[in-house]
Amino acid sequence: MALLAALLVLAQAGPAAARPARDPDAATLLLRVRAHERVRLHHRPGGRVVAVLGDRTEFGSRTVLTVLARRGRWVQVSVAVLGGRRAWLRVDGHVARRATRWQLRADISARTLEVIHDGRRLHDYRVAVGAPNSPTPTGRFQVTDKLRGPKFGASYGCCILALSTDQPHPPPGWTGMARMAVHGTNAERTVGDSVSAGCLHAHAAAMRWMMRHVPVGTPVVIVR
């Protein structure tokens, strides 16, 4: 509770907090849009509005945002509605604040996905990554939705953890969804290879474990 209290104090800081500050990995601040509320996203603190979010994602999950940086009462977030681009929102009564001790960390070169809880690595899963002509994008994102794979096609396997970004470099001629995700596959022999359209593919057992335990809003870091 002390860590969360400290984060809330920082989120409410005045002009002295003008420089963006990252939240500690051990207790990342999340914002959950309250039921029936809407929040405006701005190009910069106090700048033009670039999008409006409701309390549900396009897939019907509750809208939860990972805080990437802070400037006083303004916070920076990564949102799927902007294709993964970052925007700013003002922390007010439209959002509820909480902390998470979960994190997913993917290493493209090693083709691994770590599940971290409270600073401790719980799992280190093997994953398939983007093919050379459709590389997996790097950066800081979040889990926005947990979805059933078969609803979207056999190639998604059992389960999908949708992420807050699009694939900026889909394969030539790609006509499917551009949304990035960690998901299963109907060709598990390819897990560990560089074969995907950009998404991370994991074995069904790994996906089912993450679907049970990893919450919406979990920060996701992808490095090369």
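**Exercise 1. Is His-183 buried, partly exposed or exposed, and at what relative accessibility does His-183 count that way?**

Before solving, a word on the ground rules. This is a predicted model, where local features need pLDDT of at least 70, side-chain atom pairs count only at pLDDT 80 or more, and totals for chains, interfaces and linings use all residues. Residues are numbered from 1 along each chain as its sequence is written, and side-chain values use heavy atoms, with hydrogens and water left out.

*Solution.*
- Step 1: recall the classes, where buried means under 20% relative accessible area, exposed means over 50%, and partly exposed lies in between (1.4 Å probe, protein chains only).
- Step 2: His-183 has 4% relative accessibility, so His-183 counts as buried.
- Step 3: place the residue. His-183 belongs to strand S14; strands (E, at least two residues) are DSSP runs numbered from the N terminus.
- Step 4: look across the chain. The C-alpha atoms of His-183 and Gly-149 are 7.6 Å apart, with their positions 34 residues apart along the chain.

**Exercise 2. Describe the largest pocket and its lining.**

*Solution.*
- Step 1: set up the search. On a 1 Å grid over the protein atoms alone, a pocket is an open set of points with protein on both sides within 12 Å along at least five of seven lines, a cavity is a set where a 1.4 Å probe fits but cannot get out, and lining residues have an atom within 4 Å of a point.
- Step 2: read off the volume, which is about 260 Å³ for the largest pocket.
- Step 3: go to the centre. Of the 18 lining residues, Tyr-156, Trp-174, His-183, Ala-197 and His-201 are the closest to it.
- Step 4: assign elements. S14 (179-183) and S15 (194-196) each give at least two residues to the pocket lining, and S14 has the largest share with 3 residues.
- Step 5: sort by class (Ala, Val, Leu, Ile, Met, Phe, Trp, Tyr, Cys and Pro are nonpolar; Asp, Glu, Lys and Arg are charged; the others, Gly among them, are polar). The pocket lining has 10 nonpolar, 7 polar and 1 charged.

**Exercise 3. Which residues line the largest cavity?**

*Solution.*
- Step 1: count. The whole structure holds 1 cavity of 30 Å³ or more, and the largest cavity has a volume of about 80 Å³.
- Step 2: list the lining: Phe-59, Leu-147, Phe-152, Tyr-156, Ile-160, Ala-162, Met-177, Arg-179, Met-180, Ala-181, His-183 and Cys-199.
- Step 3: S14 provides the largest share of this lining, 4 residues.
- Step 4: by class, the cavity lining splits into 10 nonpolar, 1 polar and 1 charged.

**Exercise 4. How do Phe-59 and Phe-152 pair?**

*Solution.*
- Step 1: apply the rule that Phe, Tyr and Trp rings (for Trp, the six-membered ring) pair if their centres lie within 6.5 Å, with planes under 30 degrees apart stacked, over 60 edge-to-face and the rest tilted. The count is 2 aromatic pairs.
- Step 2: Phe-59 and Phe-152 are edge-to-face, at 5.8 Å centre to centre and 85° between the planes.
- Step 3: these residues are 93 apart, Phe-59 in the loop between S3 and S4 and Phe-152 in the loop between S12 and S13.

**Exercise 5. Which cysteines form the disulfide, and why is the disulfide called left-handed?**

*Solution.*
- Step 1: a disulfide is a pair of cysteine sulfur atoms within 2.5 Å, and the structure has 1.
- Step 2: Cys-158 is joined to Cys-159, S to S 2.3 Å.
- Step 3: the torsion about this S-S bond is about -100°, so the disulfide is left-handed.

Technical notes
Grid points are joined across faces, edges and corners, and a volume is the space filled by probe spheres set on the points.
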